[in-house]
Amino acid sequence: MTAFDVFFPSLGNAPTFPRIRVWDPYKRLGISPYASEEEIWSARNFLLEQYAGHERSEESIEAAFEKLLMASFQHRKKTKINLKSRLKNKVEESPPWIKNLLNFVELPPMEVIFRRLFLFAFMGGWSIMNSSEGGPAFQVAVSLAACIYFLNEKTKSLGRAFVIGLGALATGWICGSIFVPMIPTVLIHPTWTLELLTSLVAYAFLFLACTFLK
């Protein structure tokens with residue numbers, strides 16, 4: 001027995017990975033070519049635990065894992081690019097009126113969408129919680145002010161932001177007044193008034209206006 005084995009017995013007895021020279025990264029990790037990223041990670045972690053302490057085995061496992069992870073990333077990137085190309089082609093093939101309509105629409109970052117969605121959802125929840133105490137006039141006013149603020153931040157024109165905000169509120173209120181009465185009463189909470197439900201529709205229109213309109 002050597003001094004190395006005395007001080008590092010676990011390293012000296014570390015098992016060797018049997019597929020260390022297998023070229024195919026899927027076969028090396030022992031997984032299917034159709035394995036998901038979760039399965040790739042699980043196989044990598046399991047093998048590293050089994051052959052911990054044998055440097056060449058660990059390097060072989062990590063190399064196969066990194067190769068598969070990079071291939072998965074490139075596939076997702078290519079799929080995303082192809083999706084954008086298909087959407088762009090669909091827009092270019094669409095009628096002129098749709099193209100003109102899309103000129104007024106933009107897709108902001110998901111972080112912006114979720115922040116504004118949370119704000120208007122909060123206003124809707126607040127209105128519902130206070131429905132027994134009075135109408136949602138204050139919440140509607142705050143939502144309109146927030147919509148105008150976001151639009152002004154985007155367009156750099158307070159006048160345009162004011163017009164779009166009021167237009168979104170009026171459109172939402174009109175649509176709510178038309179469609180809410182069509183909802184069966186069995187689906188509506190007894191304390192929810194027409195004004196409250198219409199305000200919820202208006203919040204949706206205000207959210208869409210300040211988030212997606214240019």
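In the next few minutes I will go through the aromatic rings of this structure, which is a predicted model, and then turn to the charges that sit over two of them.

A pair of aromatic rings is described by the distance of the centres and the angle of the planes, and a search of the whole structure on that basis finds seven aromatic pairs. Let me begin with F122 and W126, whose ring centres are 6.1 Å apart and whose planes meet at 40 degrees, so this pair is classed as tilted. Both residues belong to helix α7, which covers residues 110–129, and because F122 and W126 are four residues apart there, about one helical turn separates them. As for solvent, F122 is partly exposed at 47% relative accessibility, and W126 is likewise partly exposed, at 29%.

The second pair I would like to show is Y149 with F150, where the centres lie 5.7 Å apart and the planes stand at 65 degrees, an angle over the 60 degrees required, so the pair counts as edge-to-face. Are these two residues buried or exposed? Y149 is exposed, with 52% relative accessible area, whereas F150, at 16%, is buried.

F150 also brings us to the charges, since R116 lies over the face of its ring, 4.3 Å from the ring centre. A further arginine, R44, places its charged end over the ring of F65, at 5.1 Å from the centre of that ring.

Finally, please look at F120, F207 and F212, which ring pairs link into a cluster.

Conventions. Residues are numbered from 1 along each chain as its sequence is written. This is a predicted model: local features need pLDDT of at least 70, side-chain atom pairs count only at pLDDT 80 or more; totals for chains, interfaces and linings use all residues. Side-chain values use heavy atoms; hydrogens and water are left out. Rings of Phe, Tyr and Trp (its six-membered ring) pair if their centres lie within 6.5 Å; planes under 30 degrees apart count as stacked, over 60 as edge-to-face and the rest as tilted. Helices (H or I, at least four residues) and strands (E, at least two) are DSSP runs, numbered from the N terminus. Buried means under 20% relative accessible area, exposed over 50%, partly exposed in between (1.4 Å probe, protein chains only). A charge sits over a ring if NZ of Lys or CZ of Arg is within 6 Å of the ring centre and within 35 degrees of the ring normal.
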